[in-house]
Amino acid sequence: VQLQASGGGLVQAGDSLTLSCAAAGDTFSRYAMGWFRQAPGKVREFVAIISGSGRTQYYQDSAKGRFAISRDNAKNTVYLQMNSPTPEDTAIYYCAARLYTTAWYVERWDPKRYDYWGQGTLVTVSS
């Protein structure tokens with residue numbers, strides 16, 4: 001599975017930004033899709049994950065109520081809408097895929113549980 005993230009850039013705190021991740025190479029709905037981020041000097045951290053059907057989502061606590069993950073299986077694309085970002089959200093954002101099994105949400109915060117990764121897109125939030 002090949003993943004291509006896009007949509008990053010410079011945004012002011014309080015504005016909105018939507019990231020996209022296009023997938024190719026397999027049936028998209030077979031995969032739960034996640035977003036991670038990595039700020040300079042920090043480890044990669046989980047942001048959100050969505051089930052293969054799109055009906056269920058989980059978020060990191062700091063993303064709850066601000067970010068929204070969604071997917072369009074007809075377009076093989078997953079999205080991360082970032083509302084009211086702060087400078088603390090500045091990072092490279094990565095999309096990732098893992099097989100949509102019954103345990104698709106187990107240890108969802110662990111990057112090692114994901115099988116495929118996109119190249120990352122940089123989001124910079126200015127104050």
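Student: Why is Q60 counted as buried?

Tutor: In this predicted model, Q60 has a relative accessibility of 17%. Buried means under 20%, so Q60 counts as buried.

Student: Where is Q60 found, and which residues does Q60 touch beyond four places in sequence?

Tutor: Q60 is found in the loop between β6 (57-59) and β7 (67-72). Not counting residues up to four places away in sequence, Q60 touches R37, E45, F46 and V47. As for E45, Q60 is 15 residues apart from it in sequence, with a C-alpha to C-alpha separation of 8.8 Å.

Student: What makes the approach of the Q60 side chain to the backbone oxygen of F46 a polar contact?

Tutor: A polar atom of the Q60 side chain lies 3.2 Å from the backbone oxygen of F46. The cut-off for a pair of N or O atoms is 3.5 Å, and the distance of 3.2 Å is within 3.5 Å.

Student: How do you know that C21 and C95 form a disulfide?

Tutor: The S to S distance of C21 and C95 is 2.1 Å. A disulfide requires cysteine sulfur atoms within 2.5 Å, so the pair qualifies. The structure holds one disulfide. This link joins distant parts of the chain, with C21 in strand β3 (residues 17-24) and C95 in strand β9 (residues 91-99), 74 residues apart.

Student: What is the handedness of the link of C21 and C95, and are the two residues buried or exposed?

Tutor: The link is right-handed, with 60° about the S-S bond. Both C21 and C95 are buried.

Student: Why is β9 described as largely enclosed by the rest of the structure?

Tutor: Seven of the nine residues of β9 are buried, so the rest of the structure largely encloses this strand.

Student: What makes β4, β10 and β11 pairing partners of β9?

Tutor: Two strands pair if there are at least two bridges between them. Strand β4 (residues 31-38) is joined to β9 by eight bridges, strand β11 (residues 121-126) by three, and strand β10 (residues 116-117) by two. Each of these pairings is antiparallel. Among the bridge partners, F36 is matched with Y94 in β9, A91 stands opposite V123 in β11, and A96 has W117 in β10.

Student: Why does T121 count as buried?

Tutor: The relative accessibility of T121 is 11%. Set against the limit of under 20%, this value means that T121 counts as buried. T121 has its place in strand β11. Leaving aside neighbours within four places in sequence, T121 is in contact with A5, S6, G7, G8, L19, A91, I92 and Y93. For G8 there is also a polar approach: its backbone nitrogen lies 3.0 Å from a polar atom of the T121 side chain.

Student: What is the order of the strands in the open sheet, and why do β1 and β7 stand at the edges?

Tutor: Four strands form the open sheet in the order β1-β3-β8-β7, with antiparallel pairing. β1 (2-6) and β7 each have a single partner strand, so one side of each is left without a neighbour in the sheet. Direction ignored, neighbouring strands of this sheet are turned by 15° against each other on average.

Student: How do you know that β7 and β8 pair?

Tutor: Six bridges join β7 to strand β8 (residues 77-82) in the antiparallel sense. Since pairing needs at least two bridges, the criterion is met. Within this pair, A68 stands opposite Q81 in β8.

Conventions. Residues numbered from 1 in each chain as written. Predicted model: local features only at pLDDT ≥ 70, side-chain atom pairs only at ≥ 80, totals over all residues. Heavy atoms only, no water. Buried < 20%, exposed > 50% of the residue type's maximum accessible area, 1.4 Å probe, protein only. Contact = heavy atoms within 4.5 Å. Polar contact = N/O pair within 3.5 Å; in protein donor to acceptor, adjacent residues only side chain to side chain. Axes fitted to C-alpha atoms, helices over the stretch in contact; angles between N-to-C directions.
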